[in-house]
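Reader: Could you take me through this two-chain model with care, one feature at a time?
Author: Gladly; please put your questions once the model is in view.

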Amino acid sequence: MDDIPGTIRENSAVIPGYYRLTVRLERPLGEAVPGQFVMLKVPDREIFLRRPFSIYDARGTTVTVMYRVVGKGTEALSRAGKRAPVMVLGPLGRGFSVPPTGVCLVVAGGIGYAGVRMLLKRLGKRAVLFLGISGRTELPLLSDLKGIEVLTATLDGSHGYHGNVVSLLKEHLASYRSQGPTVFACGPRGMIVSLKGLLDADKVPCQVSVEERMACGLGLCFGCVAETKDEINPLKRVCKEGPVFDLWELSL
Amino acid sequence: MGTLAVDLLGKALKNPVMNASGTLGYGIEIEPLWNIETLGAYVTKGLSEKPHHGNKTPRVWEERHGMINSIGLQNVGVDDFFSHYFPFFVERKVPVIVNFFGFSEDEYISCARKVPSHHLVVALEMNLSCPNIKKGGISFGKDAPAVHNIVRAVREVTPVPIIAKLTPEVKNIVEIARAAYEGGADGLTLINTMPAAVIDTRSRNMPLKGGLSGPILKPIALRAVYDCYKEVPIPIIGAGGIMDAEDALEFLMAGARAVEVGTATFADPFAMPKIISGLGEWLDENNCAGIAAITGIAHG
């Protein structure tokens, strides 16, 4: 883990409101596990706390994240131009743990794709991506993903399965039973809750990347917590004990 | 080269910089970036007699030049701190200030009793911003007689020096500081966060109420330190929006013996090491033999 100065090399909208940001770092980011994140200093004088982003890609001295504009921080970040200075703290948190064998069913809702993209690249042919988006206009989010089997659900029915991504997974889950599936998920809370309902009967192994507002990203402030079933210490830090949790340990 | 060493309540600290309670976890979390012995002292996360789970999220929110937090005093409890975390500070020989709180006089007393006299325990830092559940939830720190009573009650059960950490949400902080002193406090931390709220116009609700910290608080904290310095004859730790060495110097000159840095660490995890080296550079540039000599010099 390190706090590394860098400059923005690319920060462009993939589709309206969704940006891909690549930073050239002064030195390489430490070895990152899929599911880990970085805290990024937004190059704007009005924003002083850093913002957490899942690592989308990291190689050598470049690191890439994908984000959706949801508030003042990401809005200011979306205005940052090439060569703007940033600081990148990471890699942070506990990432996904990939089992040695079995098929990996990766479920992403909307911008949750950014949280599993590095995992997908690492898994390659072992992975099947179940992507939930609102409509076909969001398909370009996947434009740089090659060699992965993708099943898409759109809420408006404009592409692939008409409905939500958990319903789509439900239609296919039985066909993967014999392959010892592990499910990996990142998306809105509603998606995680309904995924839990789907997987509950067989307690299919499932790891979830959880999102929460953060201040430090280092486990210092206890600002980001997720409720777990741990009886002694139920509220775990998303930045430190997470962001990836075992679905069956979370209280949802 | 001038020395950054200061004396605080009979203990020698290598420098006057420490973290504000609750902004450096249990002390071990920062180790991948820098070593805890960098600090003059470590201030514990607020501890209580029994563990507290804290509040639901959202717990943090950024405001212009400040942040609002509502962690809810989540902590492992004083016993667990001393059995699991304190040995780390002993091994590193780092002085510790034990921040603690309660929701009743009994809870303050039982917690304070559990803190051992140890050569590395500099003091107990009493968080007086807590609501007194037996008095309709009014915070202990808002009323001079209440402050006097709670400090005296704790004073009677422990030989460890007591630092009263005061809330700025009072009519006259000098009066409150004096009540703490007369109750038996050996030092003051000025100030705690200020009550604040957030409105989210997108969801049209109030996502959280909590304590305001960060640079927006600095002039208010500085005023409290300046006003109390001449009026109350015990050492002051200045806290509130210190972001860099210049801010720290302002607090020392206003009358603080040491400073606590909180929110700055979230913006830059190296804020405290930078402040410490910045103070050292300032001593050299100003041919000053020791940082302790500048405490209160703004008073002439």
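Author: The bounds of a domain come here from an automatic or database domain assignment, and the model itself is a predicted one.

Reader: How many Å separate the centres of domain 1 and domain 2 of chain A?
Author: Chain A is divided into domain 1, residues 2-92, and domain 2, residues 104-209. Taken over C-alpha atoms, the centres of these two domains of chain A are separated by 24 Å.

Reader: Which element gives the largest share of the side of domain 1 of chain A that touches domain 2 of chain A?
Author: The contact takes 13 residues from domain 1 of chain A and 13 residues from domain 2 of chain A. On the side of domain 1, the elements that give two or more residues are β1 (2-15) and β6 (62-68) of chain A. By class, the residues of that side of domain 1 of chain A divide into 9 nonpolar, 2 polar and 2 charged. The largest share of it, 4 residues, comes from β6(A).

Reader: In β4(A), which residue does A:Met39 stand opposite?
Author: Strand β3 (residues 37-40) of chain A pairs with β4(A) in the antiparallel sense, over 4 bridges. From strand β4 (residues 51-54) of chain A, A:Arg51 and A:Phe53 point one way while A:Pro52 and A:Ser54 point the other way, and all are buried. Within this pairing, the residue of β4(A) that stands opposite A:Met39 is A:Pro52.

Reader: How many residues does the contact take from chain A and from chain B, and how many on the side of chain A are charged?
Author: The contact between the chains takes 22 residues from chain A and 25 residues from chain B. By class, the side of chain A that touches chain B has 14 nonpolar and 2 polar residues, and its charged residues number 6.

Reader: Why does the radius of gyration of chain B agree with a compact globule, and what is its value?
Author: The C-alpha trace of chain B spans about 55 × 50 × 40 Å along its principal axes, and buried residues make up 53% of the 300 residues in the chain. Among the contacts in chain B with a separation of 6 or more, 71% are accounted for by residues 24 or more positions apart. A compact globule with 300 residues would have a radius of gyration near 19 Å, so there is agreement with the value for chain B, 18 Å.

Reader: Which strands stand at the edges of the open sheet in chain B?
Author: Chain B has 8 helices and 16 strands, and 8 strands form an open sheet with parallel pairing, in the order β3-β16-β15-β12-β11-β8-β7-β4 (chain B). Two of these have a single partner strand each, so one side of each is left without a neighbour in the sheet; the strands at the edges are β3 (17-19) and β4 (42-43) of chain B.

Reader: Is the β-α-β crossover from β15(B) to β16(B) right-handed or left-handed?
Author: Strand β15 (residues 236-239) of chain B sends B:Ile236 and B:Gly238 one way and B:Ile237 and B:Ala239 the other way, all of them buried. Parallel to it runs strand β12 (residues 187-190) of chain B, joined by 3 bridges, with B:Ile237 as the bridge partner of B:Thr189. Strand β16 (residues 258-261) of chain B is likewise joined to β15(B) in parallel by 3 bridges, and there the bridge partner of B:Ile237 is B:Ala258. The chain crosses from β15(B) to β16(B) through helix α6 (residues 245-254) of chain B, and this crossover is right-handed.

Notes:
Residues numbered from 1 in each chain as written. Chains lettered and ligands numbered in written order. Predicted model: local features only at pLDDT ≥ 70, side-chain atom pairs only at ≥ 80, totals over all residues. Rg over C-alpha atoms; globule rule 2.2 N^0.38 Å. Buried ≥ 20, exposed ≤ 12 C-beta atoms within 10 Å, placed from the backbone. Contact = placed C-beta atoms within 7 Å. Nonpolar A, V, L, I, M, F, W, Y, C, P; charged D, E, K, R; others polar. Pairing = 2+ DSSP bridges. Right-handed = clockwise from strand over helix to strand, strands pointing away.
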